[in-house]
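These are my notes on the model you sent. They cover the DNA contacts and then the relation between the protein copies.

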Protein chains: 2
Amino acid sequence: MTASVSAPSKVELLELLSSVGGAVCQDFAAAASPHGLTHMQVRVLTHVHRDPASMRGIAEALACDASNITGIVDRLEAAGHVRREVSPTDRRVKNVIATDAGRAVLRAIRGTMQAHVAVDTLSAEERALLHGLLERMRPALSGAAAKS
Amino acid sequence: MTASVSAPSKVELLELLSSVGGAVCQDFAAAASPHGLTHMQVRVLTHVHRDPASMRGIAEALACDASNITGIVDRLEAAGHVRREVSPTDRRVKNVIATDAGRAVLRAIRGTMQAHVAVDTLSAEERALLHGLLERMRPALSGAAAKS
DNA sequence: TATTGTTATACTCTATAACTATA
DNA sequence: TATAGTTATAGAGTATAACAATA
């Protein structure tokens, strides 16, 4: 007997991972939409909701070019969810900081996702297992710079 | 002892899944870029590389609006990777069919991904396990219509 | 010189709405 | 009427290159 599943190829696993990941992104977007946020804006807000981060730091965490972050933070700032603050130690650097309003919105979005039916498909043990497997793969992916 | 991992929350699992899935998408895009294709074009080509599919069918499989598929297939067709064919049974329907050139390009891209170091992070058993867990979650996600 | 952030540009993806041609 | 596909539109994300301010 060849295990429970019919031995999918490595590429098929990557295709499935990209497909499922994309679907989760869409669900994040759907949860954020009522609050006027996009998925990328949620990711940036998530990255700075606890500790401030520089524009460059955000770009590395999200594995995209720094020039993209300007527009995303522009829109978050216009909505009052974050603010920019020039670093006291290096005046070239701008730190992005979540506002109380931004944290409240993020809390609401994460609350919606917390209730997502997909996560209840798996038991707590399976979720921990899945989490561990994904964590092990991540450093070898393009978003390797992403720390959180 | 609380298992091997410090019990991540449901939301954290979804965030990780979306992050890892996004990174895999980027790696697909990087593998496709030398051939002049984008990640979405690869997904469409993958969907029709064996059997033809209608525009509507592709849209449902990729969980996006049908109007998007027009442009994506336009570009694939201009590059000679697919062709459109009016259905013999319903003249409203157009079936998208991969060309030999399209299949060759897809084979090359999948070959690049097959050698991706990230999949070697896990053993064959772990890959099968991961595949099974993802398959179980997928029906409960927004891309639930996606069959492959 | 090197780095941070921004701007300008061009392209792809995205959803919505309106249109056509078929059924 | 309803459906398949397209077009038009507007917005968001993406990378590249060039730029100003600062180190």
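1. A residue counts as near a strand if one of its heavy atoms lies within 4 Å of it. The model is predicted: local features need pLDDT of at least 70 and side-chain atom pairs pLDDT 80 or more, while totals for chains, interfaces and linings use all residues. Residues are numbered from 1 along each chain as its sequence is written.

2. DNA strand C is surrounded by 21 residues, the closest being A:R56, A:R84, B:T38, B:N68 and B:R75. Of the strand C atoms that come within 4 Å of the protein, 66% belong to sugar and phosphate.

3. Polar contacts here are pairs of N or O atoms within 3.5 Å. The side chain of B:T38 places an N or O atom 2.5 Å from a phosphate oxygen of DNA strand C, and the side chain of B:N68 does so at 2.5 Å. For B:D65, a backbone N or O atom is 2.8 Å from a phosphate oxygen of that strand.

4. Helices are DSSP runs (H or I, at least four residues), numbered from the N terminus. Helix 4 of chain B gives the largest share of the surface near DNA strand C, four residues.

5. With Asp, Glu, Lys and Arg taken as charged, Ala, Val, Leu, Ile, Met, Phe, Trp, Tyr, Cys and Pro as nonpolar, and the others, Gly among them, as polar, this surface has nine charged, seven polar and five nonpolar residues.

6. A turn of 180 degrees with a shift of 0.0 Å along the axis lays chain B on chain A with an RMSD of 0.0 Å, superposed by least squares on C-alpha atoms of residues with pLDDT of at least 70 in both. The two copies are therefore related as by a two-fold rotation axis. B:G21 has the C-alpha of chain B nearest the axis, at 2.0 Å.

Note on methods: Chains are lettered from A and ligands numbered from 1 in the order in which they are written. Side-chain values use heavy atoms; hydrogens and water are left out. A polar contact is a pair of N or O atoms within 3.5 Å; within protein, one must be able to donate a hydrogen and the other to accept it, and residues adjacent in sequence count only if both atoms are side-chain atoms. Helices (H or I, at least four residues) and strands (E, at least two) are DSSP runs, numbered from the N terminus.
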